[in-house]
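Please open the model in your viewer, switch to a cartoon view, and keep a selection box at hand. The tour below moves from one selection to the next and says what is to be found at each stop.

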Amino acid sequence: MLSNEALCKREELIRNYASNIDFVLNTPLHEQRRIWEEGAMNAPLPENISTEIIDEEGISAEWVRHSQAESRKVILYLHGGGNSQGSSITHRKLVAHIVHCAKVNALTLNYSLAPENPFPAGLMDAKYAWQWLLAQGYRPDEIIPGGDSSGGGLVLSLLLLLKSENSPLPRAGFLLSPMLDYTLSGASISSCAAKDPVICIEDLRQTVAYYCSEAEIANPLVSPLYGDLTGLPSLLIQTGSEELLLDDSVRLAKQATEVGVNVQIEVWNGLWHVFQSSAGKIPEANSAIRRIASFIHSQPLETV
């Protein structure tokens, strides 16, 4: 049963669904970006959290740090937003709650956004950020890639890209409501159409059109659900039971398990797309973030 806080939030999302979808589909993209960032700019953060902007040649990002963080582990966070919106600012609060709970610092990447910079620009930025962290002295087993929605898809694409290049892989990664199939063939896109209080099929189609060409939609680096998952690191997947992208997570868990990947999938009943962003407001989001923290700390480091 959902908490009272979650029930109220769900009712609010349903009440505002039509106007939110109209905003997404009919407001110029630059305006959507501006409004989202302005709304997130002053979001309150948990205690003991600090931020630092990184703006060097080749990388734009933000450190989100905990004053008592474990120094040897770091999260590489890839934000959601349909590959066309979002930033370290829009996701600062969510990342801060993960950092606060896990006591592990995070680097939130501002990767290149579509449609100005379509596939593979964002993925190449993610690869560069991975290499940048290695150059800062982190080992592959100390870096935990994580992301939500389209950013969750980028995390899996990054793992496939590193594997294809025979690069060392991390020990683990976490995906929150990931978008993994740009052919939009998941059964839940239809079965959850009347239940999802956040996104609609037109929104997903727009995401695809912004990000890649029709000829690229089944490319495993665009739609990592079609990649060879053999040998990938441990994965934690969290998704809501009501969302259009539910089947992306379910299929990933099944396919990855079949080839020997250690997968933990959590389908949170009655919850919606990236519900973890309500951390600090609904108990289920707080619980999910505690699960992420436990997963991060369950991954052993190599003996130095």
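By the rule applied here, the count of salt bridges comes to 16, and the model in which they are counted is a predicted one. The tour begins with one of these pairs: select Arg10 and Glu242, whose closest N and O atoms are 3.4 Å apart in a salt bridge. The pair links distant parts of the chain, since Arg10 belongs to helix 1 and Glu242 to the loop between strand 7 (234–240) and helix 9 (246–258), with 232 residues separating them. Both Arg10 and Glu242 are buried.

Next, select Arg33 and Glu116, whose side chains form a salt bridge with an N to O distance of 2.8 Å. This pair also links distant parts of the chain, 83 residues apart, with Arg33 in helix 3 and Glu116 in the loop between strand 4 (105–109) and helix 5 (121–135). Glu116 has a relative accessibility of 49% and therefore counts as partly exposed.

Stay in the loop between strand 4 and helix 5, and colour its prolines. Pro115 lies in this loop, and the peptide bond that leads to Pro115 from Ala114 is cis, with omega near 0 degrees. Pro120 is found in the loop between strand 4 and helix 5 as well, and a cis peptide bond with omega of about 10 degrees joins Phe119 to Pro120. These bonds merit a look because most peptide bonds are trans.

From the loop, move on into helix 5 and select Asp125, which has its place there. Asp125 is partly exposed, with a relative accessible area of 21%. If you add Asn219 to the selection and draw a distance between the C-alpha atoms, you should find 18 Å between two residues that are 94 residues apart along the chain.

Now display the sheet. Its 8 strands form an open sheet in the order 1-2-4-3-5-6-7-8, with mixed pairing. At the edges are strand 1 (49–56) and strand 8 (263–268), each of which pairs on one side only, and the twist from one strand to the next averages 20 degrees. Within the sheet, select residues 74–78 and 143–148: these are strand 3 and strand 5, which run parallel and are joined by 5 bridges. Leu76 stands opposite Pro145 in strand 5.

Then select Arg139 and Asp141, whose side chains meet in a salt bridge with an N to O distance of 3.0 Å. Asp141 is buried, at a relative accessible area of 6%, whereas Arg139, at 23% relative accessibility, counts as partly exposed. Adding Arg72 and Glu142 to the selection completes a network, in which Arg72, Arg139, Asp141 and Glu142 are joined by salt bridges that share partners.

Turn next to helix 4, where 9 of the 11 residues are buried, so that this helix is largely enclosed by the rest of the structure. The buried residues of helix 4 include charged side chains such as Arg92 and Lys93, together with Leu94, Val95 and Ile98. Just after helix 4, select Lys103, which takes a positive phi of about 55 degrees.

Which other residues have a positive phi near 50 degrees? Ser177 is one of them, with phi near 50 degrees in a residue other than glycine, and Val274 is another, also with phi near 50 degrees. Most residues other than glycine have a negative phi. Ser177 lies in the loop between strand 6 (172–176) and helix 7 (188–191), where it counts as buried at 1% relative accessibility. Val274 is found in the loop between strand 8 and helix 10 (283–297), and at 8% relative accessibility Val274 counts as buried too.

The last stop is the largest pocket, which holds about 1,600 Å³ of space. Of the 46 residues that line this pocket, select Leu13, Trp36, Val198, His273 and Ser277, which lie nearest its centre. The elements that give two or more residues to the lining are helix 1 (4–15), helix 2 (17–26), helix 3 (29–40), helix 4 (92–102) and helix 8 (201–211). Helix 3 gives the most, with 6 residues. To finish, colour the lining by class, which separates 22 nonpolar, 17 polar and 7 charged residues.

Conventions. Residues are numbered from 1 along each chain as its sequence is written. This is a predicted model: local features need pLDDT of at least 70, side-chain atom pairs count only at pLDDT 80 or more; totals for chains, interfaces and linings use all residues. Side-chain values use heavy atoms; hydrogens and water are left out. On a 1 Å grid over the protein atoms alone, a cavity is a set of points where a 1.4 Å probe fits but cannot get out, and a pocket is an open set with protein on both sides within 12 Å along at least five of seven lines; lining residues have an atom within 4 Å of a point. Grid points are joined across faces, edges and corners, and a volume is the space filled by probe spheres set on the points. Helices (H or I, at least four residues) and strands (E, at least two) are DSSP runs, numbered from the N terminus. A salt bridge is a side-chain nitrogen of Lys or Arg within 4 Å of a carboxyl oxygen of Asp or Glu. Buried means under 20% relative accessible area, exposed over 50%, partly exposed in between (1.4 Å probe, protein chains only). Two strands pair if DSSP finds at least two bridges between them. Axes are lines fitted to C-alpha atoms, for helices over the stretch in contact, and angles run from 0 to 180 degrees between N-to-C directions.
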